[in-house]
Amino acid sequence: MRVLLVNPPPHQRVDRYDTPDFTRLGLACLAARLRADGAADVAIVDAKFERLSYADVLRRVRDLRPDVVGLTAFTNEIKPAARVARMVKAEAPGVHTVIGGVHVSALPWETMVEFPEFDLGVLKEGEDTFSELVATLGAGGDPGRVANVVQRVGDDVNVAPERTAPVDVAGLPAPAWDLVPPSRRYLFMTQRGCPYRCNFCANPNGRTVRMRPIDGLIEELRYIAAVGGEELYVCDEIFTVDKERTHRLLDAMIAAGIQRKIRWSAQVHVNTVDEDLFRKMKAAGCFICGFGIETGDADILKRMGKGTSQARIKSVREMARRAGLPIEGLFILGHPNETWASAMRTIDFMAELGPERPILGVMVPFPGTEVARMARNGEGGYRLISSDWNDYGKQIGHALEFENLSRAQMELLQLIGYAKTFLANRRFREFARFAWDYRKEGLAVLNKLVLGRKPVPVEAEPEPARWSPYFDGAPVHANGVAPQFRSAAKERHAPERLSGLALSREPIVRRAEPSARS
Ligand code: B12
Ligand code: SF4
């Protein structure tokens, strides 16, 4: 079997992550596992990293003539992934198109119904499932029997039973970085899982933390340094979740002299750090440490499930300062029942803490989260304003607003927040630099605020008419599906009851009509 893994081109080129200077870790992990199993020849095409157009991707498909094309997608990437799959199917209908990643994992049935371009979907962490799926396809077996797979069968969608155990991370081979072009920055993951339950987070790897062995990590770091990697983005949900193990890992990194070749950033939780750990992180090459502060409103913080307090956040900020470790403070505007006043408290708190790198995103109701459930039900003051997945970005997006806080007000608050954090701390030069570094994103927000124009897609094409079951019946207040679209089929086949069943449903493609409420 020949397998091609694809990170699709971006919908637009505004956010810096639309044109990243690193390649996709998830695909490198899948490729490594397939290769170790010996089940397939694997190639990776990272269209974002390589700046490839859709036509370029299709050319690669023609050259490589794969039996399986696997696509990865966060929510805001699902439509570009479907576009690649559509092109592949038009060119070679016999190729199996497989979608994986966090979006299909949160909405398995809905994704397969909305995007007929995908033949199969792999849910959650993909190594075990995809490996079994490829072997099954190679042997001419029934892919619908592979646990954690969703399959299109004619007009039906089959959802196989769930896998009982999460992936044994300790037993995985190192990511197949040799299958992607070398780069200056790499994503690096030392463990998977997070024990917390924040209401806005999909926590895709579940609550059980599983660690990679330290010697394998050091070997991977040596490889990355040898191919010219200079910087890492550590992707662990909480790098310091087990302090004792973090100390051992940092000691091993220092002993191997990693800090002389590579600098890195990581995210921590304020409950799992102390000054000593910060000092050692810095000694091991950490140049900035991120933590989710999320809000400056004490009540909102209490309710969100982060398990922390403002007092703890302030004391951890001071610890980092004393340790000489710059911080990235991550904040969100748009928590349930957010108001102008609570958002201003967030901005004031951000200015007070003065993170070296402030990040202030606007809430996105990612499927599978409590916030998404509330937004779909019109709770928490939320109003969904788009049923277009391309609008589901945190910095540049257009997914929701509040009954009492318009989208434009939220975006204005976002700009005020950034400006105040720098200017109140008299960091004028840094502000100028920040404004220059993020000029594309800033202009996109201003353009939308002042002229009401959304960013222009890179390669627009007429969209096929679709029926999006996720939004069917949800109160979308603009450019989306009207509430009366709730279909009898959706009522009959509630996703909660799908497991293991082959279902009939109404035709996949239905044309959305203008919202009655827009
Ligand atoms: C590192 C990271 C980033 C990095 C790098 C992202 C990247 N392009 O690789 C940066 C900082 C750039 C980033 C940016 C964003 N991120 Co981010 N990010 C993460 C983080 C922490 C880890 C992702 C990762 O690499 N995991 C490791 C690999 C191994 O896992 P994986 O990619 O999920 O792949 C596995 C499975 O999903 C599956 N799989 C994936 N693809 C495929 C394909 C096939 C064919 C198969 C079979 C299986 C499969 O198998 C893989 C191996 O097990 C996750 C949270 C998390 N803990 O997962 C959030 C997360 C993915 N990010 C998220 C978001 C929202 C974003 C942004 C949209 C935010 C924004 N700025 O608007 C941007 C989008 C950027 C983009 N388009 O690339 C959300 C996604 C939610 C959603 N439903 O879409 C997450 C889940 C955070 C959260 N808790 O809500 N992110
Ligand atoms: S602590 Fe971070 S990774 Fe864990 S649930 Fe909260 S936001 Fe998600």
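Biologist: How do the residues of the shell around ligand 2 divide by class?
Modeller: The split is into nonpolar, polar and charged. This is a predicted model. For the shell around ligand 2, the division is four nonpolar, three polar and three charged.

Biologist: Which residues are around ligand 2?
Modeller: Take the nonpolar ones, with Cys and Tyr counted in that class. Among the residues around ligand 2 these are Cys-194, Tyr-196, Cys-198 and Cys-201. The rest of the list is Arg-197, Asn-203, Glu-237, His-269, Gly-292 and Lys-306.

Biologist: Now ligand 1. Which residues come nearest to ligand 1?
Modeller: The shell around ligand 1 holds 40 residues. It divides into 20 nonpolar, 13 polar and seven charged. The ones that come nearest are Gly-26, Gly-70, Thr-72, Gly-100 and Gly-126.

Biologist: Which element gives the largest share of the shell around ligand 1?
Modeller: Five elements each supply at least two residues. They are strand 3 (68-72), strand 4 (96-100), helix 5 (102-106), helix 7 (127-138) and helix 1 (25-37). The largest share is four residues, and it comes from helix 1.

Biologist: Which domains give at least three residues each to the shell around ligand 1?
Modeller: The protein is divided into two parts, 2-159 and 182-451. The shell around ligand 1 draws at least three residues from each of domain 1 and domain 2.

Biologist: What distance separates the centres of domain 1 and domain 2?
Modeller: The centres are taken over C-alpha atoms. Between domain 1 and domain 2 they are separated by 28 Å.

Biologist: Which element gives the most to the side of domain 1 that touches domain 2?
Modeller: The contact takes 18 residues from domain 1 and 23 from domain 2. On the domain 1 side, helix 4 (78-91) and helix 5 give two or more residues. By class, that side has eight nonpolar, six polar and four charged residues. The top contribution is four residues, from helix 5.

Biologist: At what angle do the axes of helix 1 and helix 7 cross?
Modeller: The two axes come within 9 Å. Helix 1 passes helix 7 in a right-handed crossing. The axes of helix 1 and helix 7 cross at roughly 50 degrees.

Biologist: Which residues in helix 7 meet helix 1?
Modeller: Helix 1 brings Cys-29, Leu-30, Arg-33, Leu-34 and Asp-37. By class, the contact of helix 1 with helix 7 has five nonpolar, one polar and three charged residues. The partners in helix 7 are Glu-127, Phe-130, Ser-131 and Val-134.

Biologist: Why is helix 10 oblique to helix 12?
Modeller: Angles of 35 to 65 degrees fall outside the parallel and perpendicular ranges, so they count as oblique. The axes of helix 10 (residues 275-283) and helix 12 (residues 310-323) come within 9 Å. Helix 10 is oblique to helix 12 because the axes cross at roughly 45 degrees.

Biologist: Which residues of helix 12 make the contact with helix 10?
Modeller: Helix 10 passes helix 12 in a right-handed crossing. From helix 10 come Glu-275, Phe-278, Arg-279 and Lys-282. From helix 12 come Met-319, Ala-320, Arg-322 and Ala-323.

Biologist: Is the crossing of helix 15 and helix 17 left-handed or right-handed?
Modeller: The axes of helix 15 (residues 407-423) and helix 17 (residues 439-451) come within 10 Å and cross at roughly 140 degrees. That makes helix 15 oblique to helix 17. The crossing of helix 15 and helix 17 is left-handed.

Terms used
Residues numbered from 1 in each chain as written. Chains lettered and ligands numbered in written order. Predicted model: local features only at pLDDT ≥ 70, side-chain atom pairs only at ≥ 80, totals over all residues. Near = placed C-beta within 6 Å. Axes fitted to C-alpha atoms, helices over the stretch in contact; angles between N-to-C directions. Parallel < 35°, antiparallel > 145°, perpendicular 65-115°, else oblique. Left-handed = near helix turned anticlockwise from the far one by under 90°. Contact = placed C-beta atoms within 7 Å. Domains from an automatic or database assignment.
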